[in-house]
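Student: I have a structure to look at and would like to learn how to read it. Could we go through a few features together?

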Amino acid sequence: MKKLATATLVLLMMAVWAAGQGTVTKPSDFFGFEPGSDRNLFTYEKLIGYLQKVEGESPRIKLEEIGHSPEGRPMYIAFISSEANIGNLDRLKEINRDLALNPDLEPRALEEMVEEGRTFVLATLSMHSTEVGPSQSAPLIAYDFATTADEKKLEWLDNMIYMMVPCHNPDGMDMVVNNYLKHVGTKYEGASLPRVYHKYVGHDNNRDFVILTQDDNRAIARIYNQTWFPQVMVEKHQMGSTGTRYFVPPNHDPIAENVPAGIFHWSGVFGQHMATDMTADGLAGVSQHYLFDDYWPGSTETCIWKNVIGFLTEAASARGATPIYIEPTELSVRGKGLAEYKKGVNMLEPWEGGWWRLGDIVAYEISSTMSVIKTASLYREDILRFRNRMCVEQVEKGKSEAPYYYIMPLEQHDQGELVNLVNLMMEHGISVFTLESDHLLDSKLYRKGDVVIPLAQPFRPFIKEVMETQEYPERHYTPGGELIKPYDITSWSLPLHRSVTSREINTRCTGLEDKLKPVTGEYTLAGQVDTDSPVMVLPVGSNESFRAAFLALEKGLKVERLKADHEVEGKVFGQGSFVVYRDPKKEQAWKAVREELPFDPGYILDKRAIPAEPVAIPRIALVETYFHDMDAGWTRYLFDTYHVPFEVLHPGDLGKTGLTDKYDVILFPDSDKSILMTGKQKSGDDYYLGTYHPDYVKGIGKEGMEKLMAFSNGGGIIIAWGRSARLFEGVMKITGKDEDESEEFQLPFRDISTQLSKEGLYVPGSLMKINIAKGHPLTLGMPRQIGVFSRGRPVFQTGIPVFDTDRRVVATYPEKEVLLSGYSAHDEKLGNKAAMIWLRKGKGQFVFYGFGPQFRASTQASYKLLFNAILLERKKG
Ligand SMILES: [Zn+2]
């Protein structure tokens with residue numbers, strides 16, 4: 001009888017739902033086209049508009065604002081689940097937090113939570129904006145679940161909550177969609193966006209999840225670090241057009257040493273279900289164990305170091321919403337995991353070629369999403385138990401296995417970076433402590449105020465990963481065979497990249513643990529001195545001093561730099577330290593500068609003359625190519641956040657404008673020489689036009705180079721790093737009014753990295769040691785040795801200068817053990833070679849770096865080498 005009643009009720013409810021379907025707006029009615037149809041794309045605002053409409057029409061979807069993109073667009077999670085779960089989100093969120101962070105749950109309490117809890121699956125869509133398919137699928141998935149009467153799907157919704165971030169990168173989505181719509185129907189349909197698809201960093205937004213610099217990424221990371229603690233996370237991507245149709249986990253080797261086996265097992269379970277379900281849906285070409293490895297943190301998937309079952313999927317791309325036809329002979333594989341495009345265990349049913357369109361990508365996306373949701377529902381209890389077991393095991397490991405703590409002394413060469421590191425770790429959901437009193441451990445004295453990070457924490461794998469020195473997990477394809485090369489960089493150690501001293505402690509000490517005081521709220525060392533002093537001195541060793549000095553200049557305060565070391569209140573401030581003068585008319589500016597500082601500056605109370613010279617902010621031109629120039633984007637980000645004003649010049653602009661009167665500094669971030677010079681990519685002897693509208697295929701050219709040399713000849717400063725330094729190698733020419741006034745010259749340097757790599761040098765993106773020359777304006781505030789981010793090129797060989805040229809080697813690789821963190825082969829080839837050089841021709845100065853001084857805003861140790869360069873004194877004529 002009871003059974004019959006329940007069955008009747010279910011039927012009745014289904015009928016109600018079926019009747020209710022008409023009230024949910026269909027995507028095609030809202031957008032005016034079916035999402036995924038040829039040559040149609042909607043913008044971010046439209047996407048959110050649709051989801052908000054469905055939220056009003058269906059109790060199965062609820063939107064929550066989670067932050068803003070760098071350009072200020074609001075970002076959301078769309079929770080999709082049963083009405084009951086949507087109504088119970090607050091309680092379910094509490095359960096998630098307990099499962100994730102509480103290692104002391106009683107078995108019964110745990111089982112009750114497993115019974116009551118639901119699997120949370122976070123899906124982040126289309127962070128790479130040219131990978132349009134996932135976000136364009138979102139309305140179809142939302143509509144399906146809002147209206148479905150399918151018993152299976154309703155059961156999934158009872159068991160799990162799908163947390164869809166409908167677009168991870170709203171700014172980029174609008175840039176790419178608007179660019180597509182501008183060209184659709186014209187000859188240049190499908191033309192590439194002539195800039196990065198993000199305010200700053202483009203594709204590198206998926207390299208930011210250790211350092212968390214970009215607002216959209218911080219909003220996403222907060223979901224798994226601090227607020228919702230989902231158990232499963234998938235980031236949705238697209239890859240090239242001519243390879244496999246879809247990638248699902250498991251990934252290929254190498255994998256992260258610090259991530260527990262269970263995480264990989266579980267991502268494999270999700271992958272295996274996807275491969276099975278998608279193939280059953282008639283979708284061919286699903287690949288696994290292919291191309292994508294899993295050893296490096298920095299992607300959205302960095303949550304796998306925080307006990308989340310995280311993975312990515314990748315669909316083959318069309319050209320935006322324009323279909324492409326792929327000849328079977330054009331199908332190929334690359335990277336690792338598949339040696340030929342043929343049936344094999346890593347691709348059981350190859351796709352045969354033919355038309356490939358956005359609609360296909362959408363079909364694959366929907367199928368893979370359904371499978372993930374099904375799997376999360378099917379294994380609900382196991383996944384919830386697994387999440388808490390990870391927490392228990394990691395906390396236990398932190399108590400029973402070295403290392404036990406990382407201790408960072410309060411006294412640091414750059415104290416501001418210690419403060420920034422602590423605040424970053426806390427943003428990652430890590431508990432950080434300070435010592436309440438001095439403590440002797442392993443015959444070393446640690447001081448009151450020293451920072452301690454214990455490893456007995458749920459996110460232990462993350463702590464270890466970002467605090468230790470990296471050793472690339474070397475694996476080979478066959479015994480004794482070829483090394484499996486890294487997909488991305490190999491170093492991310494937060495202390496080493498910042499030159500912050502950190503000690504790994506391998507002895508457990510409860511006496512030390514008794515003296516730990518948790519850091520709560522924002523960590524700062526400022527606010528201990530209160531004074532009415534009219535002058536502050538900012539130590540040259542700290543990046544934050546440069547930030548504050550640039551802010552003071554921006555706000556019109558008088559700023560000077562010490563000409564020699566100078567003692568203030570018993571503390572010595574090194575040459576180059578900034579002196580900022582209070583101005584009664586600009587009290588707000590003074591206050592702003594003080595608030596910007598994470599430590600107290602020195603204050604000068606008397607009016608004795610200070611041995612200092614004035615500083616002015618130079619007029620900077622930053623050269624950014626149209627070719628998705630991420631390194632230039634990161635440089636813009638760095639300058640914006642350090643209050644350094646600049647103008648962007650594109651290579652084609654250099655010939656059109658008078659550089660000499662407009663700028664003091666022209667800066668070339670790492671870029672390909674042929675793109676800079678011609679606007680085209682060169683491979684061997686061939687140039688490639690790529691897929692840019694002809695308006696953007698323009699380089700510096702002969703005219704631009706003439707202007708650039710005139711700029712230098714007039715006393716301008718040229719700064720370049722990476723491949724861009726090659727622009728200035730070989731014979732250069734200053735063009736005068738006639739041939740008599742023209743002059744050919746050669747700067748006394750060359751790049752020898754090609755030869756070194758022939759001899760076996762291989763640096764895939766690692767931290768290398770350099771020794772810093774003393775007594776040069778470029779090295780003010782630098783310690784004796786730091787680690788710099790290198791790809792093994794360029795490497796400089798200087799020569800004896802002739803006529804009015806000159807040179808100085810500013811930084812040198814040490815003779816031995818050049819590698820500091822990550823991977824390299826034959827790093828001894830770099831021994832004693834020049835890593836950074838200063839050159840002069842007449843009044844013109846050049847600063848070249850063999851490394852990225854600001855690489856992905858993650859190499860704080862070398863920032864000062866860049867800031868000092870823009871502050872170099874111009875030689876006046
Ligand atoms: Zn991608």
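Student: Which protein donors does the zinc ion have, and how far from it do they lie?

Tutor: Keep in mind that this is a predicted model. The donors are His 128 through ND1, Glu 131 through two OE atoms, and His 237 through ND1, and they lie 2.1 to 2.5 Å from the zinc ion. In sequence, the donor residues follow the spacing H-x2-E-x105-H. Glu 131 sits in the loop between strand S3 (119-125) and helix H7 (133-147), whereas His 237 belongs to strand S5 (residues 232-239), so this pair ties together parts that are 106 residues apart in sequence.

Student: Why is the arrangement of the four donor atoms around the zinc ion irregular?

Tutor: The arrangement counts as irregular because the angles that the four donor atoms subtend run from 55 to 149°.

Student: How are two packed helices described?

Tutor: One gives the angle between their axes and the distance between the axes. For helix H18 (residues 543-554) and helix H19 (residues 587-596), the axes come within 9 Å and cross at roughly 165°, which means that H18 is roughly antiparallel to H19. The contact involves Glu 544, Arg 547, Ala 548, Leu 551 and Ala 552 from H18, together with Ala 592, Val 593 and Glu 596 from H19. Of these contact residues, five are nonpolar, three are charged and none is polar.

Student: At what angle do helix H6 and helix H13 pack?

Tutor: Helix H6 (residues 107-116) and helix H13 (residues 380-400) pack at about 135°, their axes being 9 Å apart, and H6 and H13 are therefore oblique to each other. Their crossing is right-handed.

Key: Residues are numbered from 1 along each chain as its sequence is written. This is a predicted model: local features need pLDDT of at least 70, side-chain atom pairs count only at pLDDT 80 or more; totals for chains, interfaces and linings use all residues. Side-chain values use heavy atoms; hydrogens and water are left out. Axes are lines fitted to C-alpha atoms, for helices over the stretch in contact, and angles run from 0 to 180 degrees between N-to-C directions. Helices (H or I, at least four residues) and strands (E, at least two) are DSSP runs, numbered from the N terminus. Angles under 35 degrees count as roughly parallel, over 145 as roughly antiparallel, 65 to 115 as roughly perpendicular and the rest as oblique. Contact means heavy atoms within 4.5 Å. Ala, Val, Leu, Ile, Met, Phe, Trp, Tyr, Cys and Pro count as nonpolar, Asp, Glu, Lys and Arg as charged, and the others, Gly among them, as polar. Donors are N, O and S atoms within 2.8 Å of the metal (3.2 Å for Na, K and Ca); water is not among the atoms, so sites may look incomplete. Four donors count as tetrahedral if all angles lie between 85 and 135 degrees; four count as square planar and six as octahedral if opposite donors are over 155 degrees apart and all others between 65 and 115; anything else is irregular. A crossing is left-handed if the near helix is turned anticlockwise from the far one by less than a right angle, and right-handed if clockwise.
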